[in-house]
Amino acid sequence: MYPFRFVRAADEKSALGAARAGTQYIAGGTTLVDLMRETVARPAVVIDINGLPYRSIDLQPAGLRIGSLVRMSELAAHPGVRSAFPVISQALEASASPQIRNMASIGGNLLQRPRCLYFRDVSAPCNRRTPGSGCAAIDGVNRGHAILGGSDQCVATHPSDLAVALVALDAVVIARDRSGERRIPVAGFFRQPGSTPEQEHDLRPGELIVAIEVATRPEARRSGYLKVRDRQAYEFALASAAVAMDVAMGTITAARVAAGGVATVPWRLPGVEQALTGQAPSPGLFTAAAQRAADGAKQLSGNGFKVALLKRTVERQLATVAGMT
């Protein structure tokens, strides 16, 4: 560790007022504490926001509003969420471990940093951690890295399972700072690395996530999340698929599909969605649609298997959500 100042915010005004360059907010601390211990993150000031009133789960006919300080386990277990948005509950339950889910906040889950081994090794070059130093993963150990959305600056995958479900459902991030409140569509909240891999999201300095909103849609009730990984618990995805589908009169009237574990951001699959919409659900349709899942993929030396794995993961989850498995 290293010297830093710790501030416990009593209310939102004091939290936003204490934010300066070099400060970071902390809630569950399941990511930030590790990064500070490893000196990957070195904030001068850490602001504890656990006293702020962002802990409600408000489910209304029009949609769901989730306070950013709601714990992962609490949201996953909510009966209304399990019924109206099963993909959210399943993504949360596939994440981390029970102990971490009891501690980690929803806002913090979206902002967690990459699990790339080079990002977390301060002796290795990493453009996310030290811009301009290089990306060791491109020519190094890259089995778990991205085949979609990468650049010559970074190929680290986004680690959040929940974010994949939220991207599929077109959720909105509510952020606030001293100048007011912003609504940020989650699809545009996460940034692909491009030439600025250190800029991982659309939050401004000092801005704080206060809530997530998800609109109610017929397809959200018929939804689910599949995560493929090396072990069944406490492991990040090699590939995952969040699927929501509405079927009426034997026809798929709406389909929402996003992938995780394969891209630098939670990755929406519009080609798969287009192949499904207006068609009658069938195993053959799902096989054909899933072939579009890896459109644009660029494999590295160690992760070429992810192309086929992603297609199979999407195909399986389409069949599961449609009730054909």
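This passage describes the overall build of a predicted protein model and then several of its local features.

The protein chain contains 13 helices and 12 strands. For a chain of 325 residues, a compact globule would be expected to have a radius of gyration near 20 Å, and the value of 19 Å computed for the protein chain agrees with this. Along the principal axes, the C-alpha atoms occupy a box of roughly 60 × 50 × 35 Å. Of the 325 residues, 54% are buried. The accessible surface of the protein chain amounts to about 13,800 Å², and carbon and sulfur atoms account for 52% of that area. When contacts between residues at least 6 apart in sequence are considered, 63% of them link residues at least 24 apart.

Aromatic side chains form 2 pairs in the structure. In one of them, the ring centres of Tyr-2 and Phe-4 are 5.8 Å apart and the ring planes meet at 55°, so this pair is classed as tilted. The two partners differ in their exposure: Tyr-2 has a relative accessibility of 11% and therefore counts as buried, whereas Phe-4, at 34%, counts as partly exposed. The other pair consists of Phe-189 and Phe-190, with ring centres 5.1 Å apart and planes at 85°, which makes the arrangement edge-to-face. Phe-189 and Phe-190 are both buried. Tyr-2 has a further partner in Arg-42, which is placed over the face of the tyrosine ring at 4.5 Å from the ring centre.

Thr-23 belongs to strand E2, which spans residues 23–26. With a relative accessible area of 18%, Thr-23 falls under the 20% limit and is therefore buried. Apart from residues up to four places away in sequence, Thr-23 touches Ala-18, Val-45 and Ile-47. The side chain of Thr-23 also reaches the backbone oxygen of Arg-20, at a distance of 2.7 Å. Pro-159 lies 136 residues from Thr-23 in sequence, and the C-alpha atoms of these two residues are 23 Å apart in space.

Arg-176 is part of strand E6, formed by residues 172–177. Two glutamate side chains make polar contacts with the side chain of Arg-176: that of Glu-12 at 2.6 Å and that of Glu-181 at 2.4 Å. Both glutamates appear among the residues in contact with Arg-176 once neighbours within four places in sequence are set aside. The remaining contacts of Arg-176 are Leu-16, Tyr-54, Arg-65, Gly-206, Glu-207, Leu-208 and Val-210. Arg-191 is 15 residues from Arg-176 along the chain, with a C-alpha separation of 19 Å.

Helix H5 comprises residues 86–93, and 6 of its 8 residues are buried, so the helix is largely enclosed by the rest of the structure. The buried positions are Pro-86, Val-87, Ile-88, Ser-89, Ala-91 and Leu-92. The loop between H5 and H6 contains Ala-96. Although Ala-96 is not a glycine, its phi is positive, at about 50°. With a relative accessibility of 23%, Ala-96 counts as partly exposed.

Helix H6 (98–103) and helix H7 (106–110) are joined by a loop in which Ser-105 is located. Ser-105 is buried, its relative accessible area being 5%. A side-chain contact connects Ser-105 to the backbone nitrogen of Gly-108 at 3.0 Å. Beyond residues up to four places away in sequence, Ser-105 touches Ala-27 as well as Ser-68, Leu-69, Val-70, Arg-71 and Met-72.

A positive phi is also found at Met-249, where the angle is about 55° although the residue is not a glycine. Met-249 is situated in the loop between strand E10 (239–248) and strand E11 (251–260). The relative accessible area of Met-249 is 85%, and the residue is exposed.

Technical notes
Residues numbered from 1 in each chain as written. Predicted model: local features only at pLDDT ≥ 70, side-chain atom pairs only at ≥ 80, totals over all residues. Heavy atoms only, no water. Phe/Tyr/Trp six-rings, centres within 6.5 Å; stacked < 30°, edge-to-face > 60°. Buried < 20%, exposed > 50% of the residue type's maximum accessible area, 1.4 Å probe, protein only. Lys NZ or Arg CZ within 6 Å of the ring centre and 35° of its normal. Helix = DSSP H or I, 4+ residues; strand = E, 2+ residues; numbered from the N terminus. Rg over C-alpha atoms; globule rule 2.2 N^0.38 Å. Contact = heavy atoms within 4.5 Å. Areas by Shrake-Rupley, 256 points an atom, 1.4 Å probe, with all protein chains shown as cover. Polar contact = N/O pair within 3.5 Å; in protein donor to acceptor, adjacent residues only side chain to side chain.
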